[in-house]
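Reader: I am a first-year student, and I would like a careful look at one part of this model. Please take a single residue as the starting point and work outward from there.

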Amino acid sequence: MIIGINSLLIVLIGLLHIIDTCTTMYLVYGGHAEESNPMLIPALESSPLAFILVKLFIAALTVTILWLSRKEKNMIFVSLFIALIFFNESCNHFELISNIP
């Protein structure tokens with residue numbers, strides 16, 4: 001049963017990566033926020049396509065590593081922790097978006 005829950009968390013992490021990418025682009029390119037991740041700033045400043053490709057690469061890498069190690073002991077806690085981080089980030093983005101006049 002735990003493997004099933006962990007698999008769902010990994011899928012959720014992938015979806016949250018996509019939401020994070022979309023909301024970040026909306027906020028940054030709309031002039032409402034700045035990217036805080038120093039590794040992503042060059043991609044964001046380069047072009048929207050570069051930013052999307054880098055974010056998708058990071059998402060794919062994260063999901064692949066989690067998926068390959070999903071049956072390891074305690075990996076559900078790692079997946080849950082990562083999912084909570086991305087969920088919090090998504091909530092912060094949606095709060096910023098909702099306060100745009």
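Reader: Does Leu16 count as buried or exposed, and at what relative accessibility?

Author: Before the answer, a word on the basis: this is a predicted model, in which local features need pLDDT of at least 70 and side-chain atom pairs count only at pLDDT 80 or more, while totals for chains, interfaces and linings use all residues. Residues are numbered from 1 along each chain as its sequence is written, and side-chain values use heavy atoms, with hydrogens and water left out.

Leu16 counts as buried, because its relative accessibility is 6%. Buried here means under 20% relative accessible area, exposed means over 50%, and partly exposed is what lies in between (1.4 Å probe, protein chains only). The accessible areas themselves come from the Shrake-Rupley method with a 1.4 Å probe, and for residues only the protein chains shown count as cover. Across the chain, 33% of the 101 residues count as buried.

Leu16 is placed in helix α1, which runs over residues 2-29. The chain has 4 helices and 0 strands, and its pattern along the sequence is α-α-α-α; these elements are DSSP runs, numbered from the N terminus, with helices being H or I of at least four residues and strands being E of at least two.

Now look at what surrounds Leu16. The largest nonpolar core has 10 residues in all, made up of Leu9, Ile10, Ile13, Leu16, Leu66, Met75, Ile76, Ile82, Ala83 and Phe86. The elements giving two or more residues to this core are α1 and α4, and α4 gives the most, with 5 residues. A nonpolar core is a set of buried Ala, Val, Leu, Ile, Met, Phe, Trp, Tyr and Cys residues joined through side-chain atoms within 4.5 Å. In soluble globular proteins, nonpolar side chains tend to be buried together.

Two C-alpha separations show how parts of the chain that are far apart in sequence lie in space. Leu16 and Phe87 are 71 residues apart along the chain, yet their C-alpha atoms are separated by 6.7 Å. Ile10, which is also found in helix α1 and is buried with a relative accessible area of 2%, has its C-alpha 6.5 Å from that of Ser79, although the two are 69 residues apart in sequence.

Helix α1 also has residues on the surface. Leu15 lies in this helix and, at 49% relative accessibility, counts as partly exposed. With Val11, Ile18 and Leu56, Leu15 makes a nonpolar surface patch of about 360 Å², and helix α1 provides the largest share of that patch, 3 residues. Patches are made of residues with over 30% relative accessible area and no salt bridge, where like charges are joined within 9 Å and nonpolar side chains (Val, Leu, Ile, Met, Phe, Trp, Tyr) within 5 Å.

Further along helix α1 comes a charged pair. The structure holds 1 salt bridge, in which the side chains of Asp20 and Lys55 meet at 2.4 Å, N to O. The pair links distant parts of the chain, with Asp20 in helix α1 and Lys55 in helix α3, 35 residues apart. Both Asp20 and Lys55 are buried. A salt bridge is a side-chain nitrogen of Lys or Arg within 4 Å of a carboxyl oxygen of Asp or Glu.

Asp20 has a second link, through its backbone oxygen, which lies 2.7 Å from a polar atom of the side chain of Thr24. This is a polar contact, a pair of N or O atoms within 3.5 Å; within protein, one must be able to donate a hydrogen and the other to accept it, and residues adjacent in sequence count only if both atoms are side-chain atoms. Thr24 lies in helix α1 as well, and is buried, with a relative accessible area of 6%.

Last come the cysteines. The structure holds 0 disulfides; Cys22 is in none, and the nearest cysteine sulfur, that of Cys91, is 16 Å away. That distance is too far for a bond, because a disulfide is a pair of cysteine sulfur atoms within 2.5 Å.
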